[in-house]
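Biologist: Please take a close look at one part of this model and describe how its elements are arranged. I should like the criteria behind each term to be stated as well.

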Amino acid sequence: MTAPNTVTDAALPQPPGTLGLPLIGETLAFFTDRSFVSKRHAQYGPVFKTSIFGTPTVFFKGPEGNRFILSHENEYFRVSWPPSVKTLLGPLSLALQTGHVHMARRQLLVQAFQPRALSGYIPAMEEIGDRYFKAWLAQSQTKGQLTWYPQLRDYTLDVACKLLIGLDNGSKTKLGELFVSWNAGLFSLPINLPWTAFGKAFRNRQGLLHELERLIVQRQAEDAHPAEARDALDIMLAARDEETGEGLSIEELKDQVLLLLFAGHETLTSAIASFCLLVAQHPEVLEKARAEQQPFIGQPLTLESFKKMPYLDCVIKEVMRFSPPVGGGFREVLQDIEYGGYRIPKGWSSLYQIAATHSNGEVFPEPDLFDPSRFDETAERRAPFSHIPFGGGLRECLGKEFARLEMKLFAARLLQSYRWELLPDQDLSMVVVPTPKPRDGLKVKFETL
Ligand code: HEM
């Protein structure tokens with residue numbers, strides 16, 4: 001593959017592929033055909049063009065394509081989500097901010113995810129997890145089964161609400177209710193009618209913002225400057241622009257909190273559910289992971305404890321490879337560029353692919369095999385940008401350490417004390433958009449060991 005650069009030769013061809021029908025392009029096939037991407041890569045090679053969400057879009061495959069996009073943020077590429085996501089996240093959300101403003105906001109928000117802050121989150125994560133484990137035992141006993149996925153979503157939302165905005169039992173509040181339908185419209189055609197997924201999600205965005213404003217104003221009235229930040233909201237309220245000395249506007253606060261709550265629970269639900277499913281399907285992995293947990297039973301868990309669980313680390317990395325919660329990321333092309341001998345015009349969209357990279361046999365041999373040992377220290381000599389569940393470059397996931405902590409804590413306590421068995425007669429295939437989840441909600445029998 002030739003070195004990528006800005007294009008000088010206007011005669012270069014565009015990437016192979018078809019732009020489909022006017023306006024809708026190939027959007028319908030993209031939503032309905034699970035092999036949409038793999039078929040086109042097989043036909044056209046590592047780079048192909050299509051048109052989705054009303055914009056010509058180039059799909060890049062493999063570590064090299066990922067590196068090209070992720071290491072040229074703001075230069076050749078700028079973050080660009082589909083119109084439905086943009087509208088529903090809101091214009092002042094970090095995920096949509098670019099350039100100087102984006103960097104400044106990241107610096108500010110990252111404080112909520114520093115090791116010291118993370119350490120402080122452990123007791124609340126444990127307490128909420130423990131409450132849910134007990135409730136699942138009771139439910140499984142009385143009903144004979146537990147439909148786990150919606151419960152896992154409640155758990156991760158409760159953790160996010162508590163640690164990000166100090167709200168108890170978030171999933172049982174109006175905010176939690178609104179989130180479910182807001183999320184269902186996130187990746188949809190942006191047609192704002194009362195009965196469309198987008199229309200419903202749009203109305204719920206207004207409801208969510210209203211709830212968030214109420215919480216923020218209440219917090220401001222309580223204690224504008226606590227001695228020590230209790231959560232991400234305190235950090236955001238205390239933040240001041242270095243030059244102007246001004247704080248974040250209420251409009252921005254609402255969009256940023258909405259993003260963190262969304263990013264902080266939907267992806268994690270998917271990751272934790274995939275952990276539960278894949279480990280249950282691989283008894284040898286379960287046994288090894290459980291054995292590693294023996295010294296930690298009944299012990300308080302700290303950031304240090306997790307460093308002593310190398311196998312769990314491999315299992316979680318493999319879960320994130322096998323079933324990455326985020327399939328890829330969209331970017332707008334900022335100038336005509338050349339890649340692999342093709343010309344990609346300014347104004348088009350492009351996508352770096354996480355899921356397709358993780359299932360690429362050239363990068364991960366036998367990609368359909370769930371095998372945590374591929375992440376053994378000795379085996380980890382892979383090309384950069386090949387294992388990228390959290391993206392990379394300037395926009396790498398802000399909450400990745402929070403996510404890792406929550407996954408490990410949950411997994412450790414689950415392995416230490418509980419047994420879960422997949423029930424027969426359920427569809428375990430995955431719905432993939434917006435985040436992978438088992439079609440029938442992951443039905444299990446849940447017991448103590
Ligand atoms: C397993 C869990 C998670 C996965 C797989 C994940 C994945 C990702 C990915 C792939 C991106 C980059 C998107 C892009 O390139 O455009 C991203 C960005 C982001 N994530 Fe996560 N994430 C997870 C959990 C979290 C958590 C727990 C939080 C916060 C509490 C969070 C906050 C964010 C934010 C704020 C961004 C935007 C960063 C920016 O644009 O600068 N994520 N995440």
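Modeller: Two strands pair if DSSP finds at least two bridges between them; strands (E, at least two residues) and helices (H or I, at least four) are DSSP runs, numbered from the N terminus. The model is predicted, so local features need pLDDT of at least 70 and side-chain atom pairs count only at pLDDT 80 or more, whereas totals for chains, interfaces and linings use all residues. Residues are numbered from 1 along each chain as its sequence is written, and side-chain values use heavy atoms, with hydrogens and water left out.

The part chosen here is an open sheet of 5 strands, in the order 2-3-9-6-4 and with mixed pairing. Its edges are strand 2 (47–52) and strand 4 (77–79), each of which pairs on one side only. On average, neighbouring strands of the sheet are turned by 35° against each other, direction ignored; the underlying axes are lines fitted to C-alpha atoms, for helices over the stretch in contact, and angles run from 0 to 180 degrees between N-to-C directions.

At one edge, strand 4 pairs with strand 6 (residues 328–333) in the antiparallel sense, over 3 bridges. Glu332, in strand 6, is the bridge partner of Arg78.

Helices also pack on this sheet, contact meaning heavy atoms within 4.5 Å. Helix 2 (residues 36–44) touches strand 2, strand 3 (55–60) and strand 9 (349–353), and its direction makes about 140° with that of strand 2. Helix 3 (residues 62–70) touches strand 3, strand 4, strand 6 and strand 9; the direction of helix 3 makes about 130° with that of strand 9.
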